[in-house]
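Hello,

Here is the structure I said I would pass on. Please look through it before reading the notes underneath.

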Amino acid sequence: MALAKRSLYTGAEITWCRLCGNFGLMSAFAWAVEELSESIPLEKFVVLSGIGCHGKIVDYINLNSFYSIHGRAPATATGIKLANPELYPVCFVGDGDIYAEGISHLLFAAKRNTDITVIVHDNRAYSLTTGQFTPTSPVIFRGKSTPEGPPEDPINPVALMLEAGATFVARGYAGYTDHLKEIIKQAILHKGFSFVDVLQPCVVFYNTYELYNRQVYKLESAGHDPSSYEEAYRRAKEWDYNREDVRIPIGVFYKTDKPTYEERV
């Protein structure tokens, strides 16, 4: 069914905070699907979510959808892909949702090269529960559970996914929706596990718009070669998540071909 004949939005009341980064992320995804619908029928998309502010996206996007439990969207998507290889499962997950509760499911989906797409709403806070720290929060983050900052260092999810064997690894920014749309299109079309960590500011508990507007740069503008694993890892480690004075690369870090899980089982 062509997009012109069907709205991608359900019309449900959107309850995200004004200026939430989720709006930019959802727009980028909707635009990506709109353009891909020229070759992929809308009924072949399946959107899944975990638990958190991000999870509401399955209520707002008018595609086949599934509300998973905390951190288990990749496992559910794997089952969907095994049952019907013609579908395109796209998981929307949060940083607390997938880098804490769901970390093992994320690692094994990457290790297996399951042919699904995982898009992380990474606002670096548990915002639905009013601002606890998550695995990507910096040590300077002040939340209700840790008023003096987290007693541990943040993980680098881009480097983690490279180590886990993901065959498509990218980072986007919800403030640059056109750029993010192109990344999402590539991720969905990639055959194998595709991972997109999206810098998605939370305007209430951790407003990072100013930081990202100042520090991000696009990999393609820097002549990055996404076929080089070593170069991808070097770029991934450019950003120390505890620091606000270093450049933050966005774009496709790494892309390679490898047999998928569905082809090997």
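The notes below go from the overall fold to two places on the surface.

Please keep in mind that this is a predicted model.

Overall fold. The protein has 10 helices and eight strands. Its radius of gyration is 17 Å, close to the 18 Å that the globule rule gives for 265 residues, so the protein is as compact as a globular protein of that length. Along the principal axes, the C-alpha atoms fill a box of roughly 50 × 45 × 35 Å. Of the 265 residues, 54% are buried.

Charged patch. A patch of positive charge on the surface brings together Lys 111, Arg 112, Lys 258 and Arg 264. One of these, Arg 264, belongs to helix α10, which covers residues 261-264. Arg 264 has a relative accessibility of 59%. Exposed means over 50%, so Arg 264 counts as exposed.

Nonpolar patch. Ile 51, Tyr 67 and Leu 128 make up a nonpolar patch on the surface, and together they have about 280 Å² of accessible area. Tyr 67 sits in strand β2, which covers residues 64-67. The relative accessible area of Tyr 67 is 42%. That value falls between the 20% under which a residue is buried and the 50% over which a residue is exposed, so Tyr 67 is partly exposed.

If you open the model, Arg 264 in helix α10 and Tyr 67 in strand β2 can serve as starting points for finding the two patches.

Regards

Technical notes: Residues numbered from 1 in each chain as written. Predicted model: local features only at pLDDT ≥ 70, side-chain atom pairs only at ≥ 80, totals over all residues. Heavy atoms only, no water. Patch = residues over 30% accessible without salt bridge, like charges linked within 9 Å, V, L, I, M, F, W, Y side chains within 5 Å. Areas by Shrake-Rupley, 256 points an atom, 1.4 Å probe, with all protein chains shown as cover. Salt bridge = Lys/Arg side-chain N within 4 Å of Asp/Glu carboxyl O. Lys, Arg positive; Asp, Glu negative; His and termini not counted. Charge placed at Lys NZ, Arg CZ, Asp CG, Glu CD. Helix = DSSP H or I, 4+ residues; strand = E, 2+ residues; numbered from the N terminus. Buried < 20%, exposed > 50% of the residue type's maximum accessible area, 1.4 Å probe, protein only. Rg over C-alpha atoms; globule rule 2.2 N^0.38 Å.
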